[in-house]
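Visitor: Could you walk me through this one? I'd like to start with how a pair of helices packs.

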Amino acid sequence: MIYANGLTKRYGSFRALDDVSFEVRKGEVVGFLGPNGAGKSTTMRILTCFISPTGGTAKVRGHDVFDNTLAVRASLGYLPQRAPLYLEMTVYEYLEFAAKIRNLDKSKFRQRARTVVEICGLAQSLSKEIRHLSHGYRQRVGLAQALVHDPPILILDEPTSDLDPNERTEFLNYLKQIGRDRTVLLSTHNLKEVEAACARAIIVSRGRVVADGALDEIRAKSGRVRYIVAVQESTGDSPYRGRGNLPRQSEVEHALNNLAGVKKLSELPTDERAHAYELSGEDGQDLRPEIFRLIADKGWVLLELRRDTQTLEDVFRQLTIGDERRNRQLGPVKDERRGGPVADDDDEEEEEEEEDEDEEESSDDSDDDGDEDDKKGKR
């Protein structure tokens, strides 16, 4: 349904995208992740025909984004990071307008309007002018226009920003339901939303895909797992049920550190009744039997033992930490991988806006009335 192959986007000597390739099939809800400036919005703007790539190909529902833009736009619903809205319209007028340019007849619009108003929580705002709505409600209106024509493909850039927790939960539940027979590409900085709604994620960093797969596969990318171990330190007024004396902290740390397969040992905060530690080991080996046997042989009381894979946030940080380090450096930063300067988020955004303006000026079929950037957003 969504296909990208070797997508490249250059702004002068800077590559916003560098050979990006992926595919999203029908029935998939895929999280599209990356730090600021990684190329997420640039990729989405290419897939939705807002800008053209410098190199590579992209297809949406079999239609090329460069050669068949109208068919691509008819196939998808798109919510950009800043929703394009006509502030002088009421919410109902705007949804009706969005339905008309999508060629929905009145009966179909009324049916779809009931659905999207319920999903987006707009029942009490239909008669209000959009200019009088809060940022959160404006985001809901933008989301409603992306859903009103019931598209087979949804491309959503931070759709839950400014939604309250209840609205966010309802939206994610809806996304999981419609994702069974649609294609959804969801960009967000909230990794918990991805874990709640997506079975697969694509992570981009510095314009390249650094991870693509099922969430469990991505979590295992580091090759490490962690173990949480807690050993009783104090009994209070209760009798000690282990053998011998209560273990000292140094004694527990020494024993766990010398266990074969343990790569790293870190103390965890806990109350005075326990020694708690996080152990790191290789993914191919389960250390729980050895940990249990060690503690049983010592006669200590084991309060907790569990094995966890890396969290999605842990892996995300490992894969994209270079972006954060570069963002904290002063002056022009040399990109060692590409041999050119690195543009910051504002530079990339400004160049995209300049390109949009150039495309507007050269377009013969754009309307003369209204704000041109808003018009482009609504197409």
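Visitor: What is the handedness of the crossing where helix 4 passes helix 5?
Guide: Keep in mind that this is a predicted model. Helix 4 covers residues 106–120 and helix 5 covers residues 135–147, and their axes cross at roughly 145°. As for the handedness of helix 4 passing helix 5, the crossing is right-handed.

Visitor: Within what distance do the axes of helix 4 and helix 5 come?
Guide: Two packed helices are described by the angle between their axes and the distance between the axes. For helix 4 and helix 5, the angle is roughly 145°, and the axes come within 9 Å.

Visitor: How do the residues of the contact of helix 4 with helix 5 divide into nonpolar, polar and charged?
Guide: Helix 4 brings Arg112, Val116, Ile119 and Cys120, while helix 5 brings Arg140, Leu143, Ala144 and Leu147. Arginine counts as charged, and Val, Ile, Cys, Leu and Ala count as nonpolar. That gives six nonpolar, no polar and two charged.

Visitor: Cys120 is part of that contact. Is cysteine 120 buried or exposed?
Guide: The cut-off for buried is under 20% relative accessible area. Cysteine 120 has 5% relative accessibility, so this residue counts as buried.

Visitor: And cysteine 49, buried or exposed?
Guide: The structure holds zero disulfides. Cysteine 49 is at 10% relative accessibility, and the cut-off for buried is under 20%. Therefore cysteine 49 counts as buried.

Visitor: What percentage of the residues of the chain count as buried?
Guide: Zooming out, the chain has 13 helices and 14 strands. Out of its 379 residues, the share that counts as buried is 47%.

Definitions and conventions
Residues numbered from 1 in each chain as written. Predicted model: local features only at pLDDT ≥ 70, side-chain atom pairs only at ≥ 80, totals over all residues. Heavy atoms only, no water. Axes fitted to C-alpha atoms, helices over the stretch in contact; angles between N-to-C directions. Helix = DSSP H or I, 4+ residues; strand = E, 2+ residues; numbered from the N terminus. Left-handed = near helix turned anticlockwise from the far one by under 90°. Contact = heavy atoms within 4.5 Å. Disulfide = S-S within 2.5 Å. Buried < 20%, exposed > 50% of the residue type's maximum accessible area, 1.4 Å probe, protein only.
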